[in-house]
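Reader: I've got a fold open on my screen and I'd like to learn how to read it. Could you walk me through the features?

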Amino acid sequence: MEQSKTFKLQYYTAKNGRDYYKDFLDTLDSNTSSKVQAQVVKLAVGIGKVKTLANKLWELKIEIGPGYRVYFTRRGNEIVLMLAGSDKSEQKRIIALAKRLIVEIEEIEREKK
């Protein structure tokens, strides 16, 4: 039996200094935040209800409360980079934000070359 791949979790701080994933967690009560974070930790070992939304943007669906989502991208084959989160009511706005963050990350990487 082959061992499943593990990923290193990282959290992205945007150029404007904001960590939108942390901002999302800060809106939750401590119990809900713990449950969301537990699901994110499982993501690091390949467990979770995930789907691709757009080029390089993924969604982790967490089926508690109003239906939370965490948005992330992968950096190579080893890193899962957490971008933002929301409940279902903010989903469209936060997906647009996450897409902009991916563009920002790619611009930063191009500048480094």
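Author: Happy to, and let's start with a cut-off: buried means under 20% relative accessible area, exposed means over 50%, and partly exposed is in between. Keep in mind that this is a predicted model. Take Trp-58: its relative accessible area is 26%, so it counts as partly exposed.

Reader: How do I read aromatic pairs, and how many does a search of the whole structure find?

Author: A pair of aromatic rings is described by the distance of the centres and the angle of the planes. Searching the whole structure turns up three aromatic pairs. One of them is tilted: Phe-24 and Tyr-68, 6.0 Å centre to centre with 55° between the planes. The two rings come from distant parts of the chain, 44 residues apart, with Phe-24 in helix α1 (residues 20–26) and Tyr-68 in strand β4 (residues 68–75). Phe-24 is buried because its relative accessibility is 7%, and Tyr-68 is buried too, at 11%.

Reader: And which aromatic residue does Trp-58 pair with?

Author: Phe-72. That pair is stacked, at 6.3 Å centre to centre and 20° between the planes. Trp-58 sits in strand β3 (residues 57–62) and Phe-72 in strand β4, so the pair ties together parts 14 residues apart in sequence. Unlike partly exposed Trp-58, Phe-72 is buried, with 3% relative accessibility.

Reader: On to the sheet. What is the order of its strands?

Author: Strands of a sheet pair through backbone hydrogen bonds, either parallel or antiparallel. Here you have an open sheet of five strands in the order β1-β5-β4-β3-β2, and the pairing is mixed. β1 (8–11) and β2 (49–54) are the edge strands, each pairing on one side only. On average, neighbouring strands are turned by 35° against each other, direction ignored. For a parallel example, look at β1 and β5, which pair over four bridges. Gln-10 stands opposite Leu-81 in β5.

Reader: What about the helix lying across the sheet: which of its residues are buried?

Author: An α-helix has 3.6 residues a turn, so residues three or four places apart point the same way. The helix to look at is α3 (residues 91–112), which lies across β2, β3, β4 and β5 and runs at about 145° to β5. Its buried residues include Gln-91, Ile-94, Ile-95, Ala-98, Leu-101, Ile-102 and Ile-105. Among the elements covering the buried residues of α3 are α1, β2, β3, β4 and β5. You can check its length as well: at 1.5 Å a residue, the 22 residues should span 32 Å, and the end C-alpha atoms are 32 Å apart, which agrees.

Reader: Last one: which residues have the most contacts inside the largest nonpolar core?

Author: Tyr-21, Phe-24, Val-36, Val-70 and Met-82, in a core of 17 residues. At least two residues of this core come from each of α1, α2 (30–43), β3, β4 and β5 (79–86). Apart from it lies another core, of 15 residues, among them Ala-84, Ile-94, Ile-95 and Ile-105. Now follow Tyr-21: leaving aside neighbours within four places in sequence, its contacts include Tyr-11, Val-36, Val-40, Val-70, Met-82 and Ala-84.

Reader: Is Ser-33 buried or exposed?

Author: Buried, because its relative accessible area is 10%. Ser-33 is in helix α2, and it touches Leu-25 and Leu-28, not counting residues up to four places away in sequence.

How values were computed: Residues are numbered from 1 along each chain as its sequence is written. This is a predicted model: local features need pLDDT of at least 70, side-chain atom pairs count only at pLDDT 80 or more; totals for chains, interfaces and linings use all residues. Side-chain values use heavy atoms; hydrogens and water are left out. Rings of Phe, Tyr and Trp (its six-membered ring) pair if their centres lie within 6.5 Å; planes under 30 degrees apart count as stacked, over 60 as edge-to-face and the rest as tilted. Buried means under 20% relative accessible area, exposed over 50%, partly exposed in between (1.4 Å probe, protein chains only). A nonpolar core is a set of buried Ala, Val, Leu, Ile, Met, Phe, Trp, Tyr and Cys residues joined through side-chain atoms within 4.5 Å. Contact means heavy atoms within 4.5 Å. Two strands pair if DSSP finds at least two bridges between them. Axes are lines fitted to C-alpha atoms, for helices over the stretch in contact, and angles run from 0 to 180 degrees between N-to-C directions. The expected span of a helix is 1.5 Å times one less than its number of residues.
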